[in-house]
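User: I have a new structure open and would like to talk it through. Can we start with the sheets and work outwards?

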Amino acid sequence: MTRFLPLAYLALAFAFIYLPVAALVLFSFQDGRLPVPPFEGPSLQWYADVLGDDDIVEALVNSLLVALGSSAIAVMLGFLAAYGLARHSLPGSVFLRGLLIAPITVSYLIVGLGLLIVLQRTGIGLSLWTAAIGHVVINLPLAFAIIYASMGAQQQNAERAARDLGAGEVEVVLLVTAPMLMPALLAAFFLSVTLSWDEFIIAFLLTRFDITLPVEIWSMLRSGLSPRLNAIGSFVFLVSVTAVILIELTVFGRRRR
Amino acid sequence: MTASVTIDAVNHWFGTFQALREIALEIEAGEYITLLGPSGCGKTTLLSVLGGFVDPSKGRVLIGGTDMTHVPPAKRPTTTVFQDYALFPHMSLRDNVAFGLRMAGIGRAERRRRADLQLDLVGLVGEAHKRPHELSGGQRQRVALARALAVEPDVLLLDEPLGALDLKLRRSMQDELKEIQRKVGTTFVHVTHDQEEAMAIADRIVVMNAGRIEDAGPPERVYSAPATLFAAGFMGEMTRLPATARDGIVETPFGLLEAAPPSAGDLVVCVRPEAIRIGADGFSLGEARVTDTAFFGTHNRVHLVADAVPDLTIVAYLAPAERVAEGDIVPLAADPASIRVFPAR
């Protein structure tokens, strides 16, 4: 009994977490017009339907571009900020650090609204670029926190050795600091990708004609439930899972060695 | 390549703490120097001043006759073997060793050739493709040495390079370090707190304490005739007899010692344990009772209490053939040639 209870609890917890996703994926293979029980099929018709829809494919590509681009920028800026704050004693560095991390506490809605107001005042039109800027704003604090936390004495000593051997500042960062921090950089990057990939509010507020996948899904939802949505949802889930697996392989895989 | 080093009246403060006080030292080209002292004595700070990692508050550093006081580490003809080795974990040993050559703009093939030459010097050319984490502590130490030597520095700085190794490995690395230094002819400045290591390896030992140089000279001289009481105590075990200066002669509880007192007032007479023997030949310490003995292979380390000074413990290294046991009463004498007298303050 004492061995059974924890196992039951574990099963229940995982069922609670994964049942909705499992249902979503299952009914994406539905051979019928409604994604509700009983399950008929399996059939790949909805996947064919989704991949044949130019709007959806375009939104999917847009989403990938925004996710990869904004994450790359967020990680680069986060790394530079972390390097600067960890390696140089600046006046008010505690305050600066706080200021960099604080946006985590601001809701996406507020960030989106704020950017929308600023963009409209400055006359910059809404596009994928503005959505990417929004995603940099929300992912930069996270990237900074992850990278800053993994900067330790080990890198600092190696940097000192590199300088001793004649390396300039750029060479130190490119050949020693960044490669040594690669696990943290990759973790920050893939986490940013998953967050940007399925982010809705900011993308909704800051895009106009070219939209990302979550915004496309939202507009499709208004016309009611369909196994098409399940198929798209499964796709979104697949990409996120891939990113998580990459984090697992690149970060935790290395640590185990 | 090799160069002389001149340290000219260097002072350094960390905030209000003075880490270096009026350090002046001439190091000849090709010399093997150890900076010896307890932790916090300023030896590592002095090494950092030589390497360019610390800009001294006052004074000058000349390397090969050129003023290098404010030149950054990258532009100095010095390299450092760091205490924790600071190898690049993401590079192979060959790339680690070739890093300095790469920074100097040397082509890939030539870099590789010279890195392999250095790895060969430390006996690791067969492992050139490995990463640092695959190596033992002693091997990492060798790679750090090869990396620092690959750029052919004029002066090699070593910051407690053997501190993380076990005793046996440390002793064998000492011999190897000295041999490599003879081979390359570079000036070596080696920081350590282990006086045996310093004596085994150095051409000249610089004993430091509280930011000052206490003594500098060849190991034999610093051991047998140290300049200060601190240097005497740091270089090895000894018995300190309280004494006073009286009419140009040293008065001890064991009688008068025929030596010129270095100052008036209270003095300390230092006797090394190997200078004490059983018998009456030399400066007599009278009868003493053995309180403890320990066998050290080459000698017995014996604690004794003399009748004349019951609250003083005398330490002597006696030949194992002497066969003394706890409780024995023996006559003790010290070799007068190895007795040193210092002012008590």
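User: What is the strand order in the open sheet of four strands in chain B?
Analyst: This is a predicted model. In the model, that open sheet of chain B has the order 2-1-4-5, and its pairing is antiparallel.

User: Which strands are at the edges?
Analyst: Strand 2 (17-27) and strand 5 (66-67) of chain B are the edge strands, and each pairs on one side only.

User: And how many bridges are there between strand 1 and strand 4 of chain B?
Analyst: Five bridges, in the antiparallel sense, between strand 1 (residues 5-14) and strand 4 (residues 58-63) of chain B. Within strand 4 of chain B, Val61(B) is the residue opposite Ile7(B).

User: What holds strands together in a sheet, generally?
Analyst: Backbone hydrogen bonds: strands pair through them, either parallel or antiparallel.

User: On to strand 3 of chain B. Why is it described as largely enclosed?
Analyst: Strand 3 (residues 32-36) of chain B is largely enclosed by the rest of the structure because five of its five residues are buried.

User: Which way do its residues point?
Analyst: Tyr32(B), Thr34(B) and Leu36(B) point one way from strand 3 of chain B, while Ile33(B) and Leu35(B) point the other way. All of these are buried.

User: Is its pairing with strand 8 of chain B parallel or antiparallel?
Analyst: Parallel, with five bridges joining strand 3 to strand 8 (residues 187-192) of chain B. Opposite Tyr32(B) in strand 8 of chain B is Phe188(B).

User: What about strand 9 of chain B?
Analyst: Strand 9 (residues 204-209) of chain B also pairs with strand 3 of chain B in the parallel sense, over four bridges. There, Leu35(B) stands opposite Val206(B).

User: Changing topic: how far does helix 4 of chain B reach?
Analyst: Helix 4 (residues 137-150) of chain B has 14 residues and spans 20 Å from its first C-alpha to its last. That is close to the 20 Å expected at 1.5 Å a residue.

User: Why is helix 4 of chain B called largely enclosed?
Analyst: Eleven of the 14 residues of helix 4 of chain B are buried, so the rest of the structure largely encloses this helix. Among the buried ones are Arg140(B), Arg142(B) and Arg147(B), along with Val143(B) and Leu145(B).

User: What do the buried residues of helix 4 of chain B pack against?
Analyst: Two strands and three helices of chain B: strand 6 (78-81), strand 7 (155-159), helix 2 (93-103), helix 3 (108-121) and helix 5 (167-184).

User: And what comes just after helix 4 of chain B?
Analyst: Glu152(B), which takes a positive phi of about 50°.

User: Now the other chain. How many helices and strands does chain A have?
Analyst: Chain A has twelve helices and zero strands. Its C-alpha atoms fill a box of roughly 70 × 65 × 30 Å along the principal axes.

User: How much of chain A is buried?
Analyst: Buried residues make up 34% of the 257 residues in chain A.

User: How many residues does each chain give to the contact?
Analyst: Chain A gives 15 residues and chain B gives 17 residues. On the chain A side, helix 7 (153-164) and helix 8 (169-180) are the elements that give two or more residues. Helix 7 of chain A has the largest share of that side, seven residues.

User: What kinds of residues are on the side of chain A that touches chain B?
Analyst: Eight are nonpolar, three are polar and four are charged.

Notes:
Residues are numbered from 1 along each chain as its sequence is written. Chains are lettered from A and ligands numbered from 1 in the order in which they are written. This is a predicted model: local features need pLDDT of at least 70, side-chain atom pairs count only at pLDDT 80 or more; totals for chains, interfaces and linings use all residues. Two residues are in contact if their C-beta atoms, placed from the backbone, lie within 7 Å. Ala, Val, Leu, Ile, Met, Phe, Trp, Tyr, Cys and Pro count as nonpolar, Asp, Glu, Lys and Arg as charged, and the others, Gly among them, as polar. A residue is buried if 20 or more other C-beta atoms lie within 10 Å of its own, exposed if 12 or fewer, and partly exposed in between; C-beta atoms are placed from the backbone. Two strands pair if DSSP finds at least two bridges between them. The expected span of a helix is 1.5 Å times one less than its number of residues.
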